[in-house]
Amino acid sequence: MRKVLDVLRLAEAAIAKENGINMDDIQQLLGLRARTAQRLIHLFEAAFPAVEKRKDPDRTRWWKLRNEPLIRYQGIREKELASLETAILRARQHGSPLEVHHLESIRDRMLASMTPMEVRAIKRSAKAVLEARGHAYRPGPRARLNADVLTAIEGALDSSMQLLVSYQGKADEVATDRTLEPYGLLFGVREYLLARDPDKDERLRSFRLDRIAAIAVTDHPFQKDPEFDLQTHAAKAFGSYYSEEEYGPVAWRFSPEAAKVAREFEFHPDQRVEDTDDGGMIVRFCASGWLEMAWHLYKWGDGVTVLEPTGLADLVAAHRRGDFPSLP
């Protein structure tokens, strides 16, 4: 049965990918070794004799399917439905209504291709998978987000339109109107809109979503910086908040006991790890957001020491403690 499903998965990829699939794709897609992948491709060719085969000048072999009704009408499997439901739950918890809407649309369209009896069976199986994964509901504190705010932001991002925002910079300030050019959303302990305020300058600023009192998409388009990359920008922050003034080298020294746990963490995509002679470790990366770093470091008690920057070391110095019952 597993081989049948693997052959069907190859057929899906051979249809979906514009150039088809090659042997590297097959190994990565199914996590197979070279010899196993070669045996499977023979089964695939036998099951789908209409597959188009070609060989590039560098001797790379490709397989491409153009039109295969068997694949088009196979519906969705229970683990796939469970993963889709998990994605919907996460999107809903992060307060992303448009993403929830699109994912639900995909789910419903897939289920609509199946008979009612098949749908009932697949839903029961998917529910069991979800419960086994522990994703039925993820408790824990998080800021409440206004769905209308997120809908407006996502609409402006899709259309590259300016936003008119009533924003409260600090909790004790009166909200003021601003015209913003949205560049993206950053989710973390707090959720932020990354945008430019053209009335001030060309800098990208972070605006807390929970402090947006009112919002509307305008009829005024703007030109995004074609060189901007959201993932690159996000990596400049430890969490979801970026501060140009705080950006720079960060170094944390973990004690031998804390290092046993710290080695399981990725603190930053570009981190560098150094082992120390006493069995501890030092993590180095470049980022900003000292407050979010301090929130995280507090969980480690006195098991971590901030080597740099000095400002962060001063921020956490009075809060290091050794009476935590466990590490993160």
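Let's start in the loop between strand 2 and strand 3, where you'll find R59. Keep in mind that what you're looking at is a predicted model.

**R59 and its surroundings**

At 64% relative accessibility, R59 counts as exposed, because the cut-off for that word is over 50%. Strand 2 covers residues 52-55 and strand 3 covers 61-64, with R59 in the loop between them. This arginine also takes part in a positive surface patch, together with K53, K55 and R61. Now check the backbone: R59 has a positive phi of about 75°, although it is not a glycine. Why point that out? Because most residues other than glycine have a negative phi.

**Two more backbone spots**

S160 is another residue with a positive phi, about 55° here, and again it is not a glycine. Look for S160 in the loop between helix 8 (147-159) and strand 4 (161-167). How exposed is S160? It is partly exposed, with a relative accessible area of 21%.

Next, scroll along to E308 and P309. The peptide bond that joins them is cis, with omega at about 5°. That's worth a look because most peptide bonds are trans. P309 sits in the loop between strand 12 (304-308) and helix 12 (310-317).

**Salt bridges**

How many salt bridges does the structure hold? There are 14. Here are some of them, with the N to O distance for each pair:

| Pair | N to O distance |
|---|---|
| R208 and D210 | 2.7 Å |
| E257 and K260 | 3.5 Å |
| R263 and D275 | 3.1 Å |

Let's take these pairs one at a time. In the R208 and D210 pair, R208 is buried, with a relative accessible area of 17%. Its partner D210 counts as partly exposed, at 34% relative accessibility. Why does R208 get the word "buried"? Because its 17% falls under the 20% cut-off.

For the next pair, go to helix 10, which spans residues 256-262 and holds both E257 and K260. They are three residues apart, which is about one turn of the helix. Are these two buried or exposed? Both E257 and K260 are exposed.

The last pair in the table joins the side chains of R263 and D275 in a salt bridge. R263 lies in the loop between helix 10 and strand 10 (272-275), while D275 is in strand 10 itself, so the pair ties together parts that are 12 residues apart in sequence. R263 is partly exposed, with a relative accessible area of 43%, and D275 counts as exposed at 58%.

Salt bridges can also be linked up, and you can see that elsewhere in this model. Which residues are linked in a network of salt bridges? They are E85, R107 and D108.

**Helix 11: a buried histidine and a nonpolar patch**

Helix 11 runs over residues 290-298, and H296 is one of its residues. Is H296 buried or exposed? With a relative accessible area of 13%, H296 is buried. Leaving out residues up to four places away in sequence, H296 touches F238, W252, F265 and F267. Try displaying those side chains together with the histidine.

L291 is in helix 11 too. Unlike the buried H296, L291 is partly exposed, with a relative accessible area of 47%. Together with W295 and L315, L291 makes a nonpolar surface patch of about 280 Å².

**A last stop at L29**

Finally, jump back to helix 2 (residues 23-30), where you'll find L29. This leucine counts as partly exposed, at 32% relative accessibility. What does L29 touch, not counting residues up to four places away in sequence? It touches R9, L10 and A13. If you want some sense of scale, pick the C-alpha atoms of L29 and K236: they are separated by 31 Å, and the two residues are 207 apart along the chain.

**Looking back**

If you revisit just a few places, try R59 with its positive phi, the cis bond between E308 and P309, and buried H296 in its helix. Then compare the two patches: the positive one formed by K53, K55, R59 and R61, and the nonpolar one made by L291, W295 and L315.

Methods:
Residues numbered from 1 in each chain as written. Predicted model: local features only at pLDDT ≥ 70, side-chain atom pairs only at ≥ 80, totals over all residues. Heavy atoms only, no water. Patch = residues over 30% accessible without salt bridge, like charges linked within 9 Å, V, L, I, M, F, W, Y side chains within 5 Å. Areas by Shrake-Rupley, 256 points an atom, 1.4 Å probe, with all protein chains shown as cover. Salt bridge = Lys/Arg side-chain N within 4 Å of Asp/Glu carboxyl O. Lys, Arg positive; Asp, Glu negative; His and termini not counted. Charge placed at Lys NZ, Arg CZ, Asp CG, Glu CD. Helix = DSSP H or I, 4+ residues; strand = E, 2+ residues; numbered from the N terminus. Buried < 20%, exposed > 50% of the residue type's maximum accessible area, 1.4 Å probe, protein only. Contact = heavy atoms within 4.5 Å.
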